[in-house]
Each structure stands twice: as C-alpha cells, then as structure tokens.
Amino acid sequence: MSGGGPLMIPPAGEGLPDRIAQAVLNLVAQRPESQALPSMRPADAARQATGEAAAKAALAAGSLALPPGPLGWLTVLPEMLAVWRIQSQLVADIAALYGRTAELGQAQMLYCLFRHTAAQAVRDLAVRVGGRWLVRPATTALLQRVAGQLGAKLGEKLLQKTVSRWVPVLGAAAVSAYAFYDTQQVGRVAVELFEREQLLDNPV
C-alpha cells in the first residue's frame, strides 16, 4: 500500500491524472491483510463492517478537509488516499467474510473501489456471463490502462473538491458526508461481487 506524507498537488494539466493513476496502482499493488473470518451470515457482517468503515472514512475525510484556502488544496489528494485505504481494507474484509480472500486480486479491488464512481474506466475488468459477472485476470498493461482512465476521471473530481476548501467548516461537512456515502457504495459493490457466486478468475 502507498504511504508517505501529504502530496503537493500540481496545477491542472501538469501531471495530476498521472499522479492519481500511480497512486491507484500503488493502492492495489498489495492486498490488505484482513482479520475477518468467514461468517455464517456474511451479508449482516458485511453490512456492519461497511457502516464502521464509512464512519471511519467520514472522520478521516472531514478532518483533512478542515484547512482553508490554499493550505486546504494540499490535503485534497491525501484525503482521497486516506479514504481509499479505508475502503480497500473494507473490500478485503468483505471478501474474507464470504470466504473468498484467495480470489481478491488487483482487478477485483479496482472494480470494487471504483465501479460506482467510474464505471466506464473499469468496464474492461469485467464481463457479464449470463446472470453472473466475470472479473478477468488483469495484465500489467490492462491495469495501467484502467489506472490511467481512473486518473483522468478522478482528477476532475479532485479539482472540484478544491472549491470546498474555501468554506472550511461547511466544506468539511460535505466532504465527510460524501466519504460516508462513497464508502457505503464500495461495500455494496463488494457484497454484490462476492455473494452471488460470480465467476472470478484467479488474480494475477
């Protein structure tokens, strides 16, 4: 998983999509370890895990969104990274609750994290076979292409977020609420992927 301190955000057109794409690749390069065990009632356990992760993401995002003005711009990307780390742990936990940790690779993680916000970018990771979804093995080239598309899409969202930094308290509340909602959606996609016996190719 990627780490490090706050990242400087370059102006639009000066590498922001590439920076986000690399951050996404770093994020999914290593699957988070999960302490969750297969559950007899995985849907209920996943719902509880999602609620806890959503609350954690809301707190993290809201805290990082408090600095006002230009100083606040410097926390936008770290805020997104903090939320993504929480969400990736949630996906790993949900996979474990359904007893499918071995099937969770980089393609599955990308699909769960970004299916609800950037469906077009992750469309090449999955195909529908009858009533099931097949998440295909992801080559390095495919992962890089998807990450590049995510970088372009998420870069637009990141720049939009900078507006909230000029109204720190109100902006932080909105950022916190969105992080809560966004994490709930990640949990929903992960449950849909792991609970319905979808065909998942072995991760590469």
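I'll walk through confidence, the helices, the core and a few residues of this predicted model.

Confidence first. The chain averages a pLDDT of 81, and 75% of the residues score at least 70. Among the elements, helix α2 has the highest mean, at 94. Helix α3, residues 69-73, has the lowest, at 53. Then there is the stretch from 1 to 13. Its pLDDT is below 50. Even so, beyond near neighbours in sequence, that stretch has 30 contacts in the model.

Now two helices. Start with α2, which has 23 residues. At 1.5 Å a residue α2 should span 33 Å, and its end C-alpha atoms are 32 Å apart, so the two agree. Its buried residues are Pro-42, Ala-46, Ala-49, Thr-50, Ala-53, Ala-54, Ala-57, Ala-58, Ala-61 and Gly-62. Keep the helix repeat in mind here. An α-helix has 3.6 residues a turn, so residues three or four places apart point the same way.

Next, α4. This helix has 22 residues and reaches 32 Å from first C-alpha to last, close to the 32 Å expected. Is α4 largely enclosed or not? It is largely enclosed by the rest of the structure, because 20 of its 22 residues are buried. Just after α4, Gly-99 takes a positive phi of about 70 degrees.

On to the core. The largest nonpolar core holds 57 residues. Those touching the most other members are Trp-84, Val-91, Leu-110, Phe-114, Leu-150 and Phe-194. Six elements give two or more residues to this core: α1 (16-28), α2 (42-64), α4 (76-97), α5 (106-114), α6 (140-161) and α7 (168-195). Which element gives the most? That is α4, with 13 residues.

Take Leu-110 from that list. Leaving out residues up to four places away in sequence, Leu-110 touches Val-24, Val-28, Arg-115, Val-122, Leu-125, Leu-143, Val-146 and Leu-150.

Cys-112 lies in helix α5. With 0% relative accessibility, Cys-112 counts as buried. Using that sequence cut again, Cys-112 touches Val-91, Val-186, Val-189, Ala-190, Leu-193 and Phe-194. The C-alpha atoms of Cys-112 and Arg-188 are separated by 8.6 Å, though these residues are 76 apart along the chain.

Aromatics next. How many aromatic pairs does the structure hold? Two. Trp-84 with Phe-114 is an edge-to-face pair, because the ring centres are 5.5 Å apart and the planes sit at 90 degrees. Trp-84 is in helix α4 and Phe-114 in helix α5, so this pair ties together parts 30 residues apart in sequence. Both Trp-84 and Phe-114 are buried.

The other pair is Tyr-178 with Tyr-181. Their ring centres are 6.3 Å apart and their planes at 45 degrees, so the pair is tilted. Tyr-178 and Tyr-181 are three residues apart in helix α7, so about one helical turn separates them. Buried or partly exposed? Tyr-178 is partly exposed, with a relative accessible area of 35%. Tyr-181 is partly exposed too, with 44%.

One last residue: Arg-100. Where is it placed? Arg-100 sits in the loop between α4 and α5. The cut-off for buried is under 20% relative accessible area. Arg-100 has 8%, so it is buried. Its side chain makes a polar contact with the side chain of Glu-103, at 2.9 Å.

Definitions and conventions: Residues numbered from 1 in each chain as written. Predicted model: local features only at pLDDT ≥ 70, side-chain atom pairs only at ≥ 80, totals over all residues. Heavy atoms only, no water. Core = buried A, V, L, I, M, F, W, Y, C linked by side-chain atoms within 4.5 Å. Buried < 20%, exposed > 50% of the residue type's maximum accessible area, 1.4 Å probe, protein only. Helix = DSSP H or I, 4+ residues; strand = E, 2+ residues; numbered from the N terminus. Contact = heavy atoms within 4.5 Å. pLDDT = per-residue confidence, 0-100. Expected span 1.5 Å × (residues − 1). Polar contact = N/O pair within 3.5 Å; in protein donor to acceptor, adjacent residues only side chain to side chain. Phe/Tyr/Trp six-rings, centres within 6.5 Å; stacked < 30°, edge-to-face > 60°.
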